[in-house]
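Open the viewer, hide whatever clutter is left from your last session, and keep the selection box handy. We'll go stop by stop.

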Amino acid sequence: MDIYEQDLEDKQLKSIGLELMFLTPEKYAAEDGITAVELAKLVDLPVEIVKKKLNILKEKDIVTVKGINPKYWKFNEYNFQRMDEDDDIFRLLCSFDDVDFDKYFSY
């Protein structure tokens with residue numbers, strides 16, 4: 001994997017992670033969370049990529065999944081706050097230099 005692919009992978013993971021982080025219950029249809037299909041539409045990425053990234057976040061225990069078909073995903077703020085600050089995923093999701101917060105909030 002070259003540096004461009006790695007950068008693209010990181011941007012996709014960051015986009016999905018931040019979308020989940022700032023997702024409010026009003027933005028998803030089911031009480032249990034958001035489906036990968038709904039999330040893919042929000043971040044404008046193919047569903048397969050979204051599913052792959054959700055599993056990376058699940059392995060880090062910062063998203064929870066409920067159900068089987070469909071699966072509902074939610075960000076786990078409690079576990080995120082307890083992550084090691086040197087963790088690559090933690091640093092990625094806390095790097096706000098290139099983030100447009102207007103996308104996540106409506107005033």
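Which residues of the largest nonpolar core touch the most other members? Keep in mind as you look that this is a predicted model. Select Ile16, Leu20, Val50 and Leu57: within that core of 29 residues, these four touch the most other members. Now colour by element: α1 (3–21), α2, α3, β2 and α5 each give two or more residues to the core. The biggest giver is α1, with five residues.

**Stop one: α1 from the inside**

Stay on isoleucine 16 and show what surrounds it. Setting aside neighbours within four places in sequence, isoleucine 16 is in contact with Leu39, Val43, Leu45, Ile49, Val50, Lys53, Leu54 and Leu57.

Next, select glutamate 19, also in helix α1. Is glutamate 19 buried or exposed? Its relative accessibility is 4%, so glutamate 19 counts as buried. With neighbours within four places again left out, the contacts of glutamate 19 are Leu39, Leu42, Val43, Lys103 and Tyr104. Leu39 and Val43 are worth labelling, since they turn up in the contacts of isoleucine 16 and in those of glutamate 19.

**Stop two: α2 and the residue that follows**

Select α2 (36–43) and show its side chains. Ala36, Leu39, Ala40 and Val43 are buried here. Turn the view to look down the helix axis: the buried residues of α2 fall within an arc of 105 degrees, so they line one face of the helix.

Then step off the end of the helix to aspartate 44, which follows α2 and has a positive phi, near 55 degrees. Why pause on that sign? Most residues other than glycine have a negative phi. Aspartate 44 sits in the loop between α2 and α3, and at 69% relative accessibility it counts as exposed.

**Stop three: α3, two sides of one helix**

Select residues 47–59, which make up helix α3. Try the distance tool on the end C-alpha atoms: they are 18 Å apart, and this agrees with the 18 Å that 13 residues should span at 1.5 Å a residue.

Now for the side chains. Val50, Lys53, Leu54 and Leu57 are the buried ones to pick out in α3. These residues cover an arc of only 105 degrees around the axis, so they are on the same side of α3. Spin the helix to its other side and you meet Glu48 and Glu59, which are exposed. Val50 and Leu57 should look familiar, as both were on the list of core residues that touch the most other members.

Just after α3 comes aspartate 61. Here is another positive phi in a residue other than glycine, near 65 degrees. Aspartate 61 lies in the loop between α3 and β1 and is partly exposed, with a relative accessible area of 42%.

**Stop four: the hairpin**

Select residues 63–66 for β1 and residues 72–75 for β2. The two strands run antiparallel and are joined by four bridges. For a landmark, find valine 63, which stands opposite phenylalanine 75 in β2.

Zoom in on the five residues between the strands, where glycine 67 takes a positive phi near 90 degrees. Which peptide bond is cis? Go to the one from asparagine 69 to proline 70, where omega is near 5 degrees. Proline 70 is in the loop between β1 and β2. As for the background, most peptide bonds are trans.

**Stop five: the phenylalanines**

Keep phenylalanine 75 on screen and add two more rings: ring pairs link Phe75, Phe80 and Phe90 into a cluster. The aromatic pairs come to two. One of them is phenylalanine 80 with phenylalanine 90, a tilted pair at 5.0 Å centre to centre and 35 degrees between the planes. Phenylalanine 80 belongs to helix α4 (residues 77–81) and phenylalanine 90 to helix α5, so the pair ties together parts that are ten residues apart in sequence. Both phenylalanine 80 and phenylalanine 90 are buried.

**Last stop: past α5**

Follow the chain out of α5 (88–93) into the segment after it, where you find cysteine 94. At 32% relative accessibility, cysteine 94 counts as partly exposed. Finish with one more distance: cysteine 94 and lysine 14 are 80 residues apart in sequence, yet 9.2 Å apart in space from C-alpha to C-alpha.

Notes: Residues numbered from 1 in each chain as written. Predicted model: local features only at pLDDT ≥ 70, side-chain atom pairs only at ≥ 80, totals over all residues. Heavy atoms only, no water. Expected span 1.5 Å × (residues − 1). Buried < 20%, exposed > 50% of the residue type's maximum accessible area, 1.4 Å probe, protein only. Arc of directions from axis to C-beta. Pairing = 2+ DSSP bridges. Core = buried A, V, L, I, M, F, W, Y, C linked by side-chain atoms within 4.5 Å. Contact = heavy atoms within 4.5 Å. Phe/Tyr/Trp six-rings, centres within 6.5 Å; stacked < 30°, edge-to-face > 60°.
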